[in-house]
Amino acid sequence: MLEIQRIRTDKEGIIEGLKKRHFDAAPIVENILELDQEWRTKKTELESIAAEMNQISKQIGLLFREGKQEEANAAKAKTGELKSAEAALKVTVDGIDTKIQDLMYQLPNVPNDLVKAGKSEEDNEIVETHGAPPAFNFVAKPHWELTTQYNLIDFELGVKITGAGFPVYRGKGAKLQRALINFFLAEADDAGYEEVIPPHMVNEASAIATGQLPDKEGQMYHDSRDDLYLIPTAEVPITNMYRNVILPDENFSVKLTGYTPCFRREAGSYGSDVRGLNRLHQFDKVEIVRLEHPDNTEQALNEMVDHVKNLLEKLGLQYRILRLCGGDCGFTSAMTYDFEVYSAAQDKWLEVSSVSRFDTFQANRLKLRFKNADKKTQLCHTLNGSALALPRIMAALLENFQTEDGIEIPEVLHAYTGFEKIS
RNA sequence: GGAGAGGUGGCGGAGUGGCUGAACGCGCACGCUUGGAAAGCGUGUUUAUGGAAACAUAACGGGGGUUCGAAUCCCCCUCUCUCCGCCA
């Protein structure tokens with residue numbers, strides 16, 4: 001959520017910035033400012049009535065103590081009118097407040113200066129490409145054939161147990177999955193991230209704070225009996241560790257990592273994109289989350305990008321980095337870098353990581369603040385990224401490292417898998 | 001799931017209708033004191049909103065109600081603790 005102060009002081013900047021998302025913010029912003037003006041007027045009015053009521057109440061108390069019953073009762077009589085005026089005003093003020101809130105929820109984050117305008121993924125900028133695409137002197141198989149051939153993942157069995165999009169990993173498939181998770185966590189640990197194992201279900205307040213609610217309700221699995229949501233990403237519980245927190249000074253840099261399964265309903269996605277591991281209802285991911293002083297955000301983002309690059313290079317995967325255009329950035333993001341690995345067998349780029357800065361957008365909803373040098377509370381910046389999401393990495397490893405008689409496991413994983421080849 | 005007891009400031013802990021945004025203690029910050037330190041003394045020490053500021057308003061788990069006035073009374077919800085039950 002954008003800060004109301006920012007809307008008051010930088011209306012044009014916000015409208016201009018959001019044009020890069022092809023989002024016409026002008027009507028909403030104007031509406032907010034109008035309501036805000038009205039709200040402030042009414043609120044001031046309300047408060048002066050409250051002040052008057054407080055005064056009278058105090059006097060009544062004094063009068064009673066002095067035994068001046070009649071005067072006290074006279075004063076009481078005066079309050080009736082004020083009281084109803086106060087009640088009416090309160091309804092008005094609360095009503096305006098709700099309207100503003102609803103409008104505020106509709107405004108996405110303002111893209112960073114580096115972000116280019118654009119509508120869809122067509123407009124994303126490729127900022128870096130590393131490595132050469134794998135070349136095969138035989139017909140490379142897509143991963144869904146390899147997982148069956150080597151008995152690594154059983155999609156049908158998952159359908160039987162649960163439904164489509166809930167695969168069963170088995171044998172070396174399960175071991176490879178676990179090896180990747182351990183490798184990613186070890187790398188994050190080396191980079192100074194504290195490992196956490198958060199709850200896999202969150203309450204409504206948490207889902208609102210990181211922006212999954214109220215809008216994207218349909219994307220999460222919901223347990224209505226206890227009113228809990230299965231997490232769509234570890235970002236939700238981990239970031240919410242710091243909901244309603246004021247860090248005591250400005251010398252902080254919180255770096256957290258966590259492995260969790262992620263659950264996404266992904267209602268309405270069909271077709272070839274969902275084949276095999278490409279899109280699942282349950283998948284594993286190691287996430288990195290950072291809370292930073294606004295002055296450090298740029299550097300933190302660069303460090304996170306470097307971290308993900310490092311992971312892909314150690315795995316020996318060819319990849320490219322995209323800076324998403326305004327239209328393709330997530331609602332809460334100020335800037336996002338996507339990492340894609342090329343799959344020769346599928347002849348397409350697979351998104352394996354997404355690293356974003358949110359600036360104060362999340363912190364504002366979270367009420368995550370710190371005490372700055374002037375002892376004032378100020379909103380923190382938050383960032384997060386996948387490091388990495390498992391399914392497409394698994395797909396890319398299987399597809400790109402296949403040989404005619406098996407799949408070569410990257411050396412860096414040998415210590416974690418306990419085997420060097422799947423055959 | 002059943003029964004009971006509770007949720008007050010960074011912490012401990014008072015407070016059953018008004019002078020309580022909150023005693024007292026601890027902690028913390030600054031100052032005095034000191035050769036230096038400790039002790040002692042003094043001052044300060046929540047957050048949000050509006051305001052240039054003075055200041056005003058709101059908040060004692062959350063929501064609603066009673067009242068001129070609620071941390072204090074009533075209702076609902078929620079969380080924690082203890083005992084019982086169940087259980088990896």
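1. Burial. Of the 423 residues of chain A, 49% count as buried. The model is a predicted one, and every value below is computed from it.

2. Overall layout. Chain A holds 13 helices and 19 strands. Along the principal axes, its C-alpha atoms fill a box of roughly 100 × 45 × 40 Å. Take the contacts in chain A with a separation of 6 or more: residues 24 or more positions apart account for 73% of them.

3. Domains. The assignment splits chain A into domain 1, residues 4-106, and domain 2, residues 121-422. Their C-alpha centres lie 43 Å apart.

4. The domain interface. On the domain 1 side, 4 residues are in contact with 10 residues of domain 2. The two domains bury about 570 Å² between them, and 45% of that is on carbon and sulfur atoms. Which residues of domain 1 lose the most area to domain 2? They are Lys20, Arg21 and Tyr105, together 86% of what that side buries. Across this interface the rule finds 0 salt bridges.

5. Helix α4, length. This helix runs over residues 69-106, 38 residues in total. At 1.5 Å a residue it should span 56 Å; the end C-alpha atoms are 55 Å apart, so the two figures agree.

6. Helix α4, kink. Where is the kink in α4 centred? It is centred on glycine 80, and the angle is about 30°.

7. Helix α4, buried residues. Ala72, Ala75, Thr79 and Leu82 are among the buried residues of α4. Further along, Leu89, Val93, Ile96, Ile100 and Leu103 are buried too, as are Met104 and Tyr105. An α-helix has 3.6 residues a turn, so residues three or four places apart point the same way. Tyr105 also appears in point 4, as one of the domain 1 residues that lose the most area to domain 2.

8. What covers α4. The cover over its buried residues includes α1 (4-9) and α3 (26-65). It also includes α8 (204-209) and α11 (360-366).

9. Lysine 90. This residue sits in helix α4. Is lysine 90 buried or exposed? Neither label fits: its relative accessibility is 44%, so it counts as partly exposed. The band for that class lies between the 20% limit for buried and the 50% limit for exposed. Lysine 90 and alanine 373 are 283 residues apart in sequence. In space they are 37 Å apart, C-alpha to C-alpha.

Note on methods:
Residues are numbered from 1 along each chain as its sequence is written. Chains are lettered from A and ligands numbered from 1 in the order in which they are written. This is a predicted model: local features need pLDDT of at least 70, side-chain atom pairs count only at pLDDT 80 or more; totals for chains, interfaces and linings use all residues. Side-chain values use heavy atoms; hydrogens and water are left out. Helices (H or I, at least four residues) and strands (E, at least two) are DSSP runs, numbered from the N terminus. The expected span of a helix is 1.5 Å times one less than its number of residues. The bend at a residue is the angle between axes fitted to the seven residues ending there and the seven starting there. Buried means under 20% relative accessible area, exposed over 50%, partly exposed in between (1.4 Å probe, protein chains only). Contact means heavy atoms within 4.5 Å. Domain bounds come from an automatic or database domain assignment. Buried area is the accessible area (1.4 Å probe) that two parts lose on being put together, summed over both. A salt bridge is a side-chain nitrogen of Lys or Arg within 4 Å of a carboxyl oxygen of Asp or Glu.
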